[in-house]
Amino acid sequence: MKGRIPPRTQGDIGEWSAIGWLIDQGAKVFLPLGHSPDVDLVADLGDRLVSIQVKTSTVYRNARYEVTLCTRGGNQSWNGLVKRFDPGRCDYLFVHAGNGRRWFIPSSLVGGGSGILLGGPKYEAYEVECDRPLTTLADARIARLPRPGGVPERSNGCGCKPHGSAFAGSNPAPATGITTAPISTVDVAPSTLLGGDAPT
């Protein structure tokens, strides 16, 4: 991607990255209803529920990623007060950096109210599996969006109508019943990285 990633797109990518990683660890993930300035995700780790704030960063200086934690509100809502990170308002901080590196840090250990630096030894114990760079993920996301004033391109393969289908007129034949298989769920115990031994 050339230029800056749209902020909303970058934020969405960060949240999907966190959701994917948490699910891989065996957690069940929930999204808060409505906007929350402190909590982006809630995860069931098997033995407890935890709240998670998600951040992303593409600012890389002096071999460190600069992660902004404070918020100033939107252009219309900012009243001049800067809201700093409060470790009492969430349990973990998840960060996806520009090159794909990721961290899952207990909020009690986050050392800055307005921002932190990642990539050095201070938080290395909380670095988790790397993902794709933000620009790569943004390109894939934007490529799926319809062009302004247009519609998504039709696939070359079978689309909404299978090959050989014909329009049945204004009074088409009744639809046939569709039988779906029951959905089963598999509970996977969270790894020790997320909260100790699996519950018995």
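What is the volume of the second largest pocket? It comes to about 260 Å³, and the views below work their way from the whole chain down to that spot. Keep in mind that this is a predicted model.

**View 1. The chain is built from 3 helices and 9 strands.** Start at the N terminus and you meet a helix, and then the strands follow one after another until two helices finish the run: α-β-β-β-β-β-β-β-β-β-α-α. If you like to trace a chain with your finger, that's the order to follow.

**View 2. Here we look at what is covered and what is in contact.** The chain has 200 residues, and 30% of them count as buried. Now take the contacts with a separation of 6 or more: 58% of them link residues 24 or more positions apart. As for the outside, the accessible surface is about 13,600 Å², with 53% of that belonging to carbon and sulfur atoms.

**View 3. Zooming in, the second largest pocket is lined by 14 residues.** Look for I13, W16, S17, R132 and L137, which lie nearest the centre of this pocket. On the class count, the lining has 7 charged, 5 nonpolar and 2 polar residues.

**View 4. Two helices, α1 and α2, each give at least two residues to the lining of the second largest pocket.** You'll find α1 at residues 7–24 and α2 at residues 134–143. Which element supplies the largest share of this lining? That's α1, with 7 residues.

Notes:
Residues numbered from 1 in each chain as written. Predicted model: local features only at pLDDT ≥ 70, side-chain atom pairs only at ≥ 80, totals over all residues. Heavy atoms only, no water. Helix = DSSP H or I, 4+ residues; strand = E, 2+ residues; numbered from the N terminus. Buried < 20%, exposed > 50% of the residue type's maximum accessible area, 1.4 Å probe, protein only. Contact = heavy atoms within 4.5 Å. Areas by Shrake-Rupley, 256 points an atom, 1.4 Å probe, with all protein chains shown as cover. 1 Å grid on protein atoms, 1.4 Å probe; cavity = no way out; pocket = protein on both sides within 12 Å on 5 of 7 lines; lining within 4 Å. Points joined across faces, edges and corners; volume = space filled by probe spheres on them. Nonpolar A, V, L, I, M, F, W, Y, C, P; charged D, E, K, R; others polar.
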